[in-house]
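User: I would like to go through this model and ask what stands behind each label. Please set the values against the definitions.

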Protein chains: 2
Amino acid sequence: MMKQTTKEKIVTEAARLFAQKGYGAVSVDEIAKAVGIKAPSLYKHYKNKQEIFDAVLTEMNTRYEKNMAAVQMDGRNSRADAALFDGLSEEQLVSLGKKLFDFFLHDDYAVNFRKLLTIEQFQDNELAAMYTKQYADDPLTYQGMLFALLIQAGVIRDGDPQIMALQFYAPIYLLLSICDRHPEREMEVVKMLEQHTRQFHALYQIGAEKND
Amino acid sequence: MMKQTTKEKIVTEAARLFAQKGYGAVSVDEIAKAVGIKAPSLYKHYKNKQEIFDAVLTEMNTRYEKNMAAVQMDGRNSRADAALFDGLSEEQLVSLGKKLFDFFLHDDYAVNFRKLLTIEQFQDNELAAMYTKQYADDPLTYQGMLFALLIQAGVIRDGDPQIMALQFYAPIYLLLSICDRHPEREMEVVKMLEQHTRQFHALYQIGAEKND
DNA sequence: GTCTATAAGAAGATAGAC
DNA sequence: GTCTATCTTCTTATAGAC
């Protein structure tokens, strides 16, 4: 970890505070105190409070995009693909679900970003778009591609891969939202997550007859 | 519609404003303007701003509880039960999903309450508990009971009814959150909802072999 | 119950010394 | 780049006339 400049520290602390209480409820004085300077000094680094918020958003978005790029590479590299086309075992699917869940629930930046977007999503179109991209469209698109590959390879039953992605991902999303509000329920929720994943696997694996 | 007293109108307008912008971002002056009086007059009806917020919450919660009581009665009355045990047709399930979705998306009070709780859910434990009860625990419990009945009656395949409820409801919840931010996507989203419901029905109806 | 006037304080932001 | 001092505006809330 490099030592942060004051400008970077402002973004770090502001991100934490905005995620906890929302933009309007955080004063510039609070941010300054968290950084360890006086409020007027903030204005040497950023023009105003809004510009601090924009910097937080930009930083978080950059991290998200980098992360997604890394995940997509994982999903496409030869070793991972090989494992997928070997057949999708129940344990692999359980592990995939738990990993996804664990990252979103415990990565500090991911948590702060999610809380911030949750609180501020109705403030303007840009924030609404970011929320939907990150927590709906991107996961559904990405996982839809995975399921499409698995169908093509004959590993899982035929069906609409987009809908499969919805049915696989939406429970993860709902359970995540529970844990964001009630961290003490994590164990119970992770148990449900695992049951969901196993049941999902049983429903969609080849050999489970479809009759419609 | 009865004509509202000033005290009632304050709650109505405050509910709308708090849901749009959150508690902190709404000034008592705005509430007063929406009601058509001056700010100081508000204090003849409520002790302070927080008390207005509490009144909004109480009113919304009362409406929710009444609504749920009504729905549960529906789910338990003899005609509805008879229809369920006759067998759960694909069209019935599609209709159930769409009705649930439509109510949550277009009922003014339901929308305002959901937005309010979404924005303020991290402010205190009471709000977090209300959110989780309404949008996670209550739907999962209620639908879990329905699926348990359907399994008992041999209408659908054996399995954990709680997990079935999660897999049926979570996609509805996710799609709803998309429409809250992007009303213009309603058509596309309702289409996905219908596809989800049909695929869910196909997966769980009797005759779809389970092999695990 | 509604108004005008106003108090009391918090918040964002600037000026200018160091 | 950081500070102290200060300005200005907004916000909650009260006092008191009608």
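Analyst: Contact means heavy atoms within 4.5 Å. In that sense B:Glu90, B:Glu91, B:Leu93, B:Val94, B:Gly97, B:Lys98, B:Phe101, B:Leu105 and B:His106 of α6(B) meet B:Glu186, B:Val189, B:Val190, B:Leu193, B:Glu194, B:Thr197, B:Arg198, B:Phe200 and B:His201 of α10(B). By class, this contact has 8 nonpolar, 4 polar and 6 charged residues; Ala, Val, Leu, Ile, Met, Phe, Trp, Tyr, Cys and Pro count as nonpolar, Asp, Glu, Lys and Arg as charged, and the others, Gly among them, as polar. This is a predicted model, in which local features need pLDDT of at least 70, side-chain atom pairs count only at pLDDT 80 or more, and totals for chains, interfaces and linings use all residues. Residues are numbered from 1 along each chain as its sequence is written, chains are lettered from A and ligands numbered from 1 in the order in which they are written, and side-chain values use heavy atoms, with hydrogens and water left out.

User: What makes a stretch of chain A a helix, and how many helices and strands does chain A have?

Analyst: Helices (H or I, at least four residues) and strands (E, at least two) are DSSP runs, numbered from the N terminus. Chain A has 10 helices and 0 strands, so its pattern along the sequence reads α-α-α-α-α-α-α-α-α-α. The C-alpha trace of chain A spans about 65 × 35 × 35 Å along its principal axes.

User: At what angle does α6(B) cross α10(B), and how is that angle defined?

Analyst: Axes are lines fitted to C-alpha atoms, for helices over the stretch in contact, and angles run from 0 to 180 degrees between N-to-C directions. On that scale α6(B) and helix α10 (residues 186-204) of chain B cross at roughly 145°, and their axes come within 9 Å. For helix α6 (residues 90-106) and helix α9 (residues 161-181) of chain B, the angle is about 35° and the axes are 10 Å apart.

User: Why is the crossing of α6(B) and α9(B) given a hand, and which hand is it?

Analyst: A crossing is left-handed if the near helix is turned anticlockwise from the far one by less than a right angle, and right-handed if clockwise. The crossing of α6(B) and α9(B) is right-handed, and α6(B) also passes α10(B) in a right-handed crossing. Where α6(B) meets α9(B), the residues include B:Leu93, B:Leu96, B:Phe101 and B:Phe104 from α6(B), and B:Phe168, B:Ile172 and B:Leu175 from α9(B). The residues of this contact divide into 11 nonpolar, 1 polar and 1 charged.

User: Why is B:Leu175 called buried or exposed?

Analyst: Buried means under 20% relative accessible area, exposed over 50%, and partly exposed in between (1.4 Å probe, protein chains only). B:Leu175 has a relative accessible area of 0%, so B:Leu175 is buried. Not counting residues up to four places away in sequence, B:Leu175 touches A:Leu166, B:Phe101, B:Val189, B:Met192 and B:Leu193. The C-alpha atoms of B:Leu175 and B:Val189 are separated by 6.3 Å, at 14 residues apart along the chain.

User: How do you know which label fits A:Gln134, A:Leu100 and A:Tyr43?

Analyst: A:Gln134, in helix α8 (residues 125-152) of chain A, has 4% relative accessibility and therefore counts as buried. Beyond four places in sequence, A:Gln134 touches A:Asn61, A:Tyr64, A:Phe113, A:Leu117 and A:Pro139. A:Leu100, in helix α6 of chain A, is at 26% and so counts as partly exposed. Leaving aside neighbours within four places, A:Leu100 is in contact with A:Gln143 and A:Ile172. A:Tyr43 lies in the loop between α3 (39-42) and α4 (49-76) of chain A, and its 42% makes it partly exposed. Of the 212 residues of chain A, 48% count as buried.

User: What makes a set of residues a nonpolar core, and which members touch the most others in the largest one?

Analyst: A nonpolar core is a set of buried Ala, Val, Leu, Ile, Met, Phe, Trp, Tyr and Cys residues joined through side-chain atoms within 4.5 Å. The largest has 122 residues, and A:Phe18, A:Ile31, A:Phe101, B:Phe18, B:Ile31 and B:Phe101 touch the most other members. Leaving aside neighbours within four places in sequence, A:Ile31 is in contact with A:Ile10, A:Ala14, A:Leu17, A:Phe18, A:Val26 and A:Leu42.

User: How do you know how chains A and B are related?

Analyst: Copies are superposed by least squares on the C-alpha atoms of residues with pLDDT of at least 70 in both. A rotation of 180° with 0.0 Å of shift along its axis superposes chain A on chain B, with an RMSD of 0.1 Å. The two copies are therefore related as by a two-fold rotation axis. The same surface serves both copies, as 100% of the contact residues of chain A recur in chain B.
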